[in-house]
Amino acid sequence: VEENPIEPGRAEEWQAYVDERHPTDNGPRRRPDSFLVIGVVLGVVILIGMILLRPTGASRAQADDLAALGVPTDFHHATVREVVELPCEGVETQTCTIVRFELDDGPEAGFVFVQEFLPGTTTPTFSPGDRVVLSRVAPTGTVEAITRVPCSFDAQAECVAIDLLIPDGERQNAATFEAYPGEDAALLTVGDAALVDYFYDQDQLEILSVRPVDPQSIYQFADFDRRLILVAIAVVFAFVVVLLGGWRGATALLGLGISILILLMFVLPAILDGRSPVLVAVFGSAAIAYVTMYLAHGFGRMTTIALHGMTSALGLTAVLSAIVVGMARFTGFVTEETSLLTFFDGIDVTGLLLAGIVLGAAGALDDVTITQAATVWELQAADPSLGSAGLFRRALRVGRDHIASIVNTLLLAYAGASLPLLVLFVLASQSLGTIANSEVVAVEIVRTLVGSIGLVAAVPLTTWLAARFAPERSAQPV
């Protein structure tokens, strides 16, 4: 049988076709190894940064300081047993709501706590059987000794000198409080726990009052117990994600859980330990993106490109945020919570503001970069003849539309979080310039604009990287 000779000039085309469909171990197949190395190196850098910024546990010692400021740190569950309407104590012309709570757990489990609620629109509506959360003021001192001595302010009178041991963080402070025999403090005995109100005057401990621990006075209604509804909506959310996303949805949920762990076990404790909030936010966000991206999208070239674009834009956002916040002279004291942080050493409130901007932009950057990389991949799969320039142009069109929607999303998210404050400004008939100039609103403006700049920068960078390396995708496993 006579073989048909290959037409002149077609041998190279056939060889290229065979190489594309059946790649060998030579040439282009080595490309994934370089991307594998890039992904591994990036993971090592993130890990080293987290080790250097790791929390030491010093923040746990500040919980006692927070309790001394009157901020509840101890909570217990209770059940509403009775709700009655009675004349208010001391103001019989008004009707108050008297609620009896039975404690379900804690050292006083079974105790019935009674609280009076004044009439008003902010008073919660209770019904018997409601599950609630009560805050408990923990004892702040222990009675070490009790002696009777002449009063320091009146030598003719006899007082009760109460020697107290007051734990304060890592310190154990000893102090003495004088009380008249008829005062509540005089009812204490050696070994009793006590409620001690104190402050420091130039490192000198000053005691304001000492009271016995009375369950009726140490509990306060904090909030309703919403655990059941939270668990229910979480189960529905997980079901919907897995139903639609399948295995990818399950890995995305796993990534969500790891993200929460990184926030609770690294980001927040490290900031409380006095680490740089900006660096902690950058490395924490990068770690979250690293884990969630590879879990959800697989360890391949497309994910590595998206991660590279995300971390680069995240660094740009952090630098730009630092410059703008410094030029705008933000103090960071925009809420009551941040004002409380001034009582603790080592917490950079302005740095917290910067960290919030970085963390807020990280989630959107994750979305934008993986979308751009996936768009390039799909375009190349649909039309392999497109070169890098063609892929870049077409994917960038998608990126422009995505950016327009993401920027608007950021604006609405920040505006929604500050809506009550904006309503107050409008009621005060403030001009738009005055409203925008106030720090609490200006901070949200900066969050939106700086975050949007990072998003805009991520689109062309990620798209260019994906377009540059996607044409070889057909010869590579992704």
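The following exchange examines a predicted model, with attention to confidence, a sheet, the disulfides and one helix residue.

Visitor: Which element of the chain has the lowest mean pLDDT, and which the highest?
Guide: For the chain as a whole, the mean pLDDT is 79, and 81% of its residues reach 70 or more. Among the elements, helix α1, residues 11–21, lies at the bottom with a mean of 53. The highest mean, 91, belongs to β4.

Visitor: Over which residues does pLDDT stay under 50, with 15 contacts beyond four places in sequence?
Guide: Where pLDDT is low, the predicted coordinates should not be read in detail. One such stretch covers residues 21–32, for which the model has 15 contacts beyond four places in sequence. For the other stretch the model also has 15 such contacts, and it covers residues 473–478.

Visitor: Which strands stand at the edges of the open sheet of 5 strands?
Guide: The pairing in this sheet is antiparallel, and the strand order is β3-β2-β1-β4-β10. A strand at the edge has a single partner, so one side of it is left without a neighbour in the sheet. The strands in that position are β3 (112–117) and β10 (219–224).

Visitor: By how many degrees are neighbouring strands of this sheet turned against each other on average?
Guide: The strands concerned are neighbours in the order β3-β2-β1-β4-β10. With direction ignored, the average turn between neighbouring strands is 45 degrees.

Visitor: How many bridges join β1 to β4, and which residue stands opposite H77?
Guide: Strand β1 spans residues 74–88 and β4 spans residues 131–136; the two run antiparallel and are joined by 6 bridges. Within β4, the residue opposite H77 is V133.

Visitor: Which residue takes a positive phi in the hairpin of β1 and β2?
Guide: β1 pairs with β2, residues 91–103, in the antiparallel sense over 10 bridges. One position in this pairing is A78, whose bridge partner in β2 is L103. The hairpin has 2 residues between the strands, and the residue with a positive phi, near 90 degrees, is G90.

Visitor: What is the bridge partner of F101 in β3?
Guide: Strands β2 and β3 are paired in the antiparallel sense, over 6 bridges. In β3, the bridge partner of F101 is F113.

Visitor: How many disulfides does a search of the whole structure find, and what is the pairing in sequence order?
Guide: A disulfide is a covalent bond between the sulfur atoms of two cysteines. The search finds 2 disulfides: C88 with C96, sulfur atoms 1.8 Å apart, and C151 with C159, also with sulfur atoms 1.8 Å apart. When the bonded cysteines are numbered in sequence order, the pairing is 1-2, 3-4.

Visitor: What is the handedness of the disulfide of C88 and C96, and of that of C151 and C159?
Guide: C88 and C96 are both buried, as are C151 and C159. The torsion about the S-S bond of C88 and C96 is about 100 degrees, so this disulfide is right-handed. For C151 and C159 the torsion is likewise about 100 degrees, so that disulfide is also right-handed.

Visitor: Is T375 buried or exposed?
Guide: T375 lies in helix α9, residues 349–382, and touches A395 and V398, residues up to four places away in sequence being left out. Its side chain reaches the backbone oxygen of T371 at 2.7 Å. The relative accessible area of T375 is 16%, and the cut-off for this class is under 20%, so T375 is buried.

Terms used: Residues numbered from 1 in each chain as written. Predicted model: local features only at pLDDT ≥ 70, side-chain atom pairs only at ≥ 80, totals over all residues. Heavy atoms only, no water. Pairing = 2+ DSSP bridges. Helix = DSSP H or I, 4+ residues; strand = E, 2+ residues; numbered from the N terminus. Axes fitted to C-alpha atoms, helices over the stretch in contact; angles between N-to-C directions. Disulfide = S-S within 2.5 Å. Buried < 20%, exposed > 50% of the residue type's maximum accessible area, 1.4 Å probe, protein only. pLDDT = per-residue confidence, 0-100. Contact = heavy atoms within 4.5 Å. Polar contact = N/O pair within 3.5 Å; in protein donor to acceptor, adjacent residues only side chain to side chain.
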